[in-house]
Amino acid sequence: FHLEPEMIAGVVAPRGGGLPATRPVREHARLAGTLLAAHRALDEGGDREVGIRLLRDALVALFAPRGRRPAGVAPSHTTPDPRVARARALLETRYRCGIALEDLARASGSSRHHLVRLFREEVGVTPYDYLIQVRVRRAQELLAAGWPIVEAAQEVGFADQSHLHRHFKRRLGVTPGAFVRG
């Protein structure tokens, strides 16, 4: 399966709470069986409704183990914090050169520690982890557009190709080279 972030967010955070953070690769036999059954139902002419239900069940199990709310999914009664929104916007626009936590906190109107706590509660990761996610996502877009790996790494703000490689594989489960070949 290749699932777009919007599809996952629609299943596990239907009120727009954001995409939860999770490890890109997991070993879980029962979850694998559910995904295989969903794939068969959706891809091999099976019952589409059953396949969609199985896929939704697998996503919930993947992002909310042991019945807990997925990381980064805000409770439905909360509203997004404008300080976090300002910090996210800055990280989205200044991902190439990055931004010091002190400057990010000042721009968002919060202390460093308070911003990190608010950010983690609302987004599911720290501001630094979010910055890395933005860089990986941008690198993925450049690679899909045909950029050489080393140039994509430099363009999005990674120190070098191995720095991109490490974060790309950790977040997407494949190396940049395998992504390009795939």
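The following conversation goes through salt bridges, side-chain exposure and one helix contact in a predicted model.

Visitor: Why is the pair Asp81 and Arg83 called a salt bridge?

Guide: The closest N and O atoms of Asp81 and Arg83 are 2.8 Å apart, and because the rule asks for a side-chain nitrogen of Lys or Arg within 4 Å of a carboxyl oxygen of Asp or Glu, the pair qualifies as a salt bridge. By this rule the count comes to 8 salt bridges.

Visitor: What makes Asp81 buried or exposed?

Guide: Asp81 has a relative accessible area of 13%, and since buried means under 20%, Asp81 is called buried. Its partner Arg83 has a relative accessibility of 23%, which lies between the limits of 20% and 50%, so the term is partly exposed.

Visitor: How do you know that Arg112 and Glu102 form a salt bridge, and where in the chain do they lie?

Guide: The closest N and O atoms of Arg112 and Glu102 are 3.5 Å apart, which is within the 4 Å that the rule allows. The pair links distant parts of the chain, with Arg112 in helix α6 (residues 112-123) and Glu102 in helix α5 (residues 101-108), 10 residues apart. Arg112 has a relative accessible area of 38% and Glu102 one of 39%, and because partly exposed covers what falls between 20% and 50%, that term applies to Arg112 and to Glu102.

Visitor: What makes Arg106 exposed, and which residue does Arg106 meet in a salt bridge?

Guide: Arg106 has a relative accessible area of 55%, and because exposed means over 50%, Arg106 is exposed. The side chain of Arg106 meets that of Asp103 in a salt bridge at 2.9 Å, N to O, while Asp103, at 34%, is partly exposed. Both residues lie in helix α5, 3 residues apart, about one turn of the helix. Elsewhere, salt bridges that share partners join Glu92, Arg137 and Arg138 into one network.

Visitor: Why is helix α4 called roughly perpendicular to α6?

Guide: The axes of helix α4 (residues 82-93) and α6 come within 10 Å and cross at roughly 90°, and because angles of 65 to 115 degrees count as roughly perpendicular, α4 is given that description relative to α6. The contact is made by Arg83, Val84, Ala87, Arg88 and Leu91 of α4, and by His114, Leu115, Leu118, Phe119, Glu122 and Val123 of α6.

Visitor: How many residues of this contact of α4 with α6 are nonpolar, polar and charged?

Guide: The residues of the contact divide into 7 nonpolar, 1 polar and 3 charged.

Methods. Residues numbered from 1 in each chain as written. Predicted model: local features only at pLDDT ≥ 70, side-chain atom pairs only at ≥ 80, totals over all residues. Heavy atoms only, no water. Buried < 20%, exposed > 50% of the residue type's maximum accessible area, 1.4 Å probe, protein only. Helix = DSSP H or I, 4+ residues; strand = E, 2+ residues; numbered from the N terminus. Axes fitted to C-alpha atoms, helices over the stretch in contact; angles between N-to-C directions. Parallel < 35°, antiparallel > 145°, perpendicular 65-115°, else oblique. Contact = heavy atoms within 4.5 Å. Nonpolar A, V, L, I, M, F, W, Y, C, P; charged D, E, K, R; others polar.
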